[in-house]
Amino acid sequence: MAETASQDIGPDKSLLLVDDDEPFLRRLAKAMEKRGFEVETAGSVAAGRAIATARTPAYAVVDLRLEDGNGLDVVEVIREKRPDSRVVVLTGYGAIATAVAAVKIGATDYLSKPADATDITNALLAQPDELPPPPENPMSADRVRWEHIQRVYELCDRNVSETARRLNMHRRTLQRILAKRSPK
């Protein structure tokens, strides 16, 4: 697998990974190195922009929401410096509006987390006129709902009453949902 992937990568194997989830970033970096990429990582928008400005990669995988801002800022820098680069935007909170924004700025593809290294490699190496294969393990509808609730809960500073109001649901119903484990 790694040999065929490295043949498809091309002469410039540089890959920038930008994500603020440190364990995920390390695992993905190792997996992409095994597939033949020369990986450089960044944990913030500022670090991603600095690397993209200094050494613009041929490939990039950028998380949409980072602690210090929006990952699309990194995508813009990459596109300005190197229009032929292939960029995949990752997010735990997929929405049509953000997918459209990512593609308009120049992202090659847009994947929802959890995306594994195979899905990401397929998206990075897909030909411009072909669609990458669908993910092997897409998120279930229950998991997407749970992720959305968790996101709104975090945006409301873990205030159950405010989160329930914004989600238009009863506070006790929300408390029961939050008390359960995440669905698979």
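The following exchange concerns a predicted model and treats an aromatic pair, a buried arginine and a helix contact.

Student: How many aromatic pairs does the structure hold, and which residues form the pair?
Tutor: The structure holds one aromatic pair. Its rings lie 5.3 Å centre to centre with 85° between the planes, and planes over 60 degrees apart count as edge-to-face. The edge-to-face pair is formed by Phe 37 and Tyr 59.

Student: Which parts does this pair tie together, and how many residues apart are they in sequence?
Tutor: Both Phe 37 and Tyr 59 are buried. Phe 37 lies in the loop between helix 2 (22-34) and strand 2 (38-42), whereas Tyr 59 lies in strand 3 (residues 59-63), so the pair ties together parts whose separation in sequence is 22 residues.

Student: Is Arg 82 buried or exposed?
Tutor: Arg 82 is placed in the loop between helix 4 (72-81) and strand 6 (86-91). Leaving aside neighbours within four places in sequence, its contacts are Asp 12, Ser 14, Thr 56, Pro 57 and Ala 58. Because its relative accessible area is 19% and the cut-off is under 20%, Arg 82 is buried.

Student: Which backbone oxygen lies 3.3 Å from a polar atom of the side chain of Arg 82?
Tutor: Among the residues in contact with Arg 82 are Thr 56 and Pro 57. The backbone oxygen at 3.3 Å from a polar side-chain atom of Arg 82 is that of Thr 56.

Student: How are helix 7 and helix 9 oriented to each other?
Tutor: Arg 145, Trp 146, Ile 149, Gln 150 and Tyr 153 in helix 7 meet Leu 174, Ile 177 and Leu 178 in helix 9. These residues divide into six nonpolar, one polar and one charged. The axes come within 11 Å and cross at roughly 110°. The two helices, helix 7 and helix 9, are therefore roughly perpendicular.

Terms used: Residues are numbered from 1 along each chain as its sequence is written. This is a predicted model: local features need pLDDT of at least 70, side-chain atom pairs count only at pLDDT 80 or more; totals for chains, interfaces and linings use all residues. Side-chain values use heavy atoms; hydrogens and water are left out. Rings of Phe, Tyr and Trp (its six-membered ring) pair if their centres lie within 6.5 Å; planes under 30 degrees apart count as stacked, over 60 as edge-to-face and the rest as tilted. Helices (H or I, at least four residues) and strands (E, at least two) are DSSP runs, numbered from the N terminus. Buried means under 20% relative accessible area, exposed over 50%, partly exposed in between (1.4 Å probe, protein chains only). A polar contact is a pair of N or O atoms within 3.5 Å; within protein, one must be able to donate a hydrogen and the other to accept it, and residues adjacent in sequence count only if both atoms are side-chain atoms. Contact means heavy atoms within 4.5 Å. Axes are lines fitted to C-alpha atoms, for helices over the stretch in contact, and angles run from 0 to 180 degrees between N-to-C directions. Angles under 35 degrees count as roughly parallel, over 145 as roughly antiparallel, 65 to 115 as roughly perpendicular and the rest as oblique. Ala, Val, Leu, Ile, Met, Phe, Trp, Tyr, Cys and Pro count as nonpolar, Asp, Glu, Lys and Arg as charged, and the others, Gly among them, as polar.
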